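Please read the following walk through the structure with the sequence and the coordinates side by side, taking each residue in turn as it is named.

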Amino acid sequence: MDEKLEPIFDEVLRRNPGEPEFHQAVREVLLSLGPVVAKHPEFAERKIIERICEPERQIIFRVPWIDDTGQVRINRGFRVEFNSALGPYKGGLRFHPSVNLGIVKFLGFEQIFKNALTELPIGGAKGGSDFDPKGRSRDEVMRFCQSFMTELYRHLGEYTDVPAGDIGVGTREIGYLFGQYKRITNRYESGVLTGKGIEWGGALVRTEATGYGAVFFLREMLKARGDDIADRTCLVSGSGNVALYAIEKIHQLGGRVVACSDSAGVVHDPKGIDLELLKQVKEVERGRIADYAGRRGHDATYLAGGNIWDIPCDVALPCATQNELTGRDAATLVGNGCIAVSEGANMPTTPEGVDVLLDAGIAYGPGKAANAGGVATSALEMQQNASRDRWSFEATEARLAEIMTHIHDLCFATAEEYGAPGNYVTGANIAGFQRVAHAMVALGLV
Ligand code: NDP
């Protein structure tokens, strides 16, 4: 790390104890910023990096609710409004038992730069709760969402803060959250949440956007190397929203996804995942991939507790969660001849894993660039809400593809400019940071 940035990082560690994921996310960005600080003395003078590492506002609240047996339950809710230099706070809500302040801060910090890369007018935020939706009935999920929004609504607004989904929060949960917001405020303010259902203000392609976008980014990385996705064998970890639509787009482009996963295991399906069956199990029945493997029959093998990265592939898309791809996994991928990794999830590769992929010289698209298609399409949903309009699937997908190509080219060109050709980590961090930093200088000390 640049010697001017080391004391800033030490201060982040001192002021934010016990938040390893947040430290990891900050360190990864600061490692790239040495040359930028050297070129722009005004950033140091205005303490831009110190300010960017400190959220503008952090909200933590109690979420009481009643389960189906009549018992009182208490969860903790979070919203970290990290940076609004470029637009209203924007970022998803995650419902998962692992959620704590450090996780929300890492996600919010990443979101600042990701949103900047889209070049759309959105700031960075993230939120969620340690509520575990697994095994909960529809009515329990609804009561939880209503209680969560009963506190959160006062902090939201289409010009203030606009949440979306993330792990454990899909269209159903956004519906319950939006319904409660509408009831409390007596306003049909469509632009206050994104990821809404198509019938009530949602945008076509938002459901598909993160997965499709990660594949578009992959396509651009391969194109830059004179290669493409057709006939490539691919691994996609996870089997949630991002994973399903990454699989769909890879299949549409002629690649073959031979494995996916969840937190319990891996399904290896060498003939290629049957996406219709997988969607039926996951989206309609809310089942597990073990059910998919059972129904797929002898074509597919279910490996309880297995490691997806041990399966040989040409291309890997981590689309489950943070730190799911370790240094050892990266070495296995490289050893098996993998040529590209495009991250649908946020920070899924550990720092050791990133070093292995970069040292091997394979095409590596970090999440803050590769998965920006989700938030970009959320911004398109906000545009449609603001203009009371609805765009076609084709037009919206074309816009998404154009945005992902632009993000790719911006990261690629920035990496070249700063002497790190082909390094999308450097390119994404510097390009995203510069946009926010210039805006912060312009807006004064606020
Ligand atoms: P979903 O809840 O739809 O799916 C999450 C998937 O990841 C599930 O298959 C889940 O398995 C698996 N998973 C979650 N936590 C773990 C864990 N600790 N260990 C192993 N597997 C796990 O979430 P999304 O698809 O929306 O999100 C996936 C990733 O993509 C996250 O990192 C998210 O932040 C990121 N992302 C999502 C965006 C979006 O638009 N949805 C936008 C940008 C990034 P199981 O069911 O067993 O828990």
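D67 counts as buried in this predicted model, because its relative accessibility of 5% falls under the 20% limit. Its side chain meets that of R73 in a salt bridge, with 2.9 Å from N to O, and R73, at a relative accessible area of 30%, is partly exposed. The pair therefore joins a buried acidic residue to a partly exposed arginine.

This contact belongs to a wider set, since a search of the whole structure finds 32 salt bridges. Another of them links R328 with D310, where the closest N and O atoms are 3.2 Å apart. R328 lies in helix α13 (residues 327-335), whereas D310 sits in the loop between β9 (301-304) and β10 (315-317), so the salt bridge ties together parts that are 18 residues apart in sequence. With a relative accessibility of 36%, D310 counts as partly exposed.

A further salt bridge is found within one helix: the side chains of E402 and R399 meet with an N to O distance of 3.9 Å, and because these residues are 3 apart in helix α17, about one helical turn separates them. E402 counts as exposed at 52% relative accessibility, while R399, at 26%, is partly exposed. Elsewhere, salt bridges that share partners join E28, E110 and K368 into one network.

Helix α17 also leads to a helix-helix contact. How are two packed helices described? They are described by the angle between their axes and by the distance between the axes. Helix α17 (residues 393-417) packs with helix α18 (residues 424-443) at an angle of about 100 degrees, and their axes are 7 Å apart; the two helices are therefore roughly perpendicular to each other, because an angle from 65 to 115 degrees is counted that way. On the α17 side the contact is made by H408, L410, C411, F412, T414 and A415, which meet Y424, G427, A428, I430 and A431 in α18. The residues of this contact divide into 8 nonpolar and 3 polar, with no charged residue.

The strands bring the reader back to β9 and β10. An open sheet is formed by 7 strands in the order β9-β8-β7-β6-β10-β11-β12, with mixed pairing. Its edge strands are β9 and β12 (363-365), each of which pairs on one side only, and neighbouring strands of the sheet are turned against each other by 15 degrees on average, direction ignored. Within this order, β10 pairs with strand β11 (residues 340-342) in the parallel sense over 2 bridges, and the bridge partner of A316 in β11 is V341. Helix α12 (residues 289-296) packs on the sheet, where it touches β7 (256-262), β8 (265-268) and β9, and its direction makes about 30 degrees with that of β8.

One last residue lies between elements already met: T326 has its place in the loop between β10 and α13. Its relative accessible area of 30% makes T326 partly exposed. Leaving aside residues up to four places away in sequence, T326 touches T350 and G353. H408, one of the α17 residues in the contact with α18, is 82 residues from T326 in sequence and 24 Å from it in space, C-alpha to C-alpha.

Key
Residues numbered from 1 in each chain as written. Predicted model: local features only at pLDDT ≥ 70, side-chain atom pairs only at ≥ 80, totals over all residues. Heavy atoms only, no water. Axes fitted to C-alpha atoms, helices over the stretch in contact; angles between N-to-C directions. Helix = DSSP H or I, 4+ residues; strand = E, 2+ residues; numbered from the N terminus. Parallel < 35°, antiparallel > 145°, perpendicular 65-115°, else oblique. Contact = heavy atoms within 4.5 Å. Nonpolar A, V, L, I, M, F, W, Y, C, P; charged D, E, K, R; others polar. Salt bridge = Lys/Arg side-chain N within 4 Å of Asp/Glu carboxyl O. Buried < 20%, exposed > 50% of the residue type's maximum accessible area, 1.4 Å probe, protein only. Pairing = 2+ DSSP bridges.
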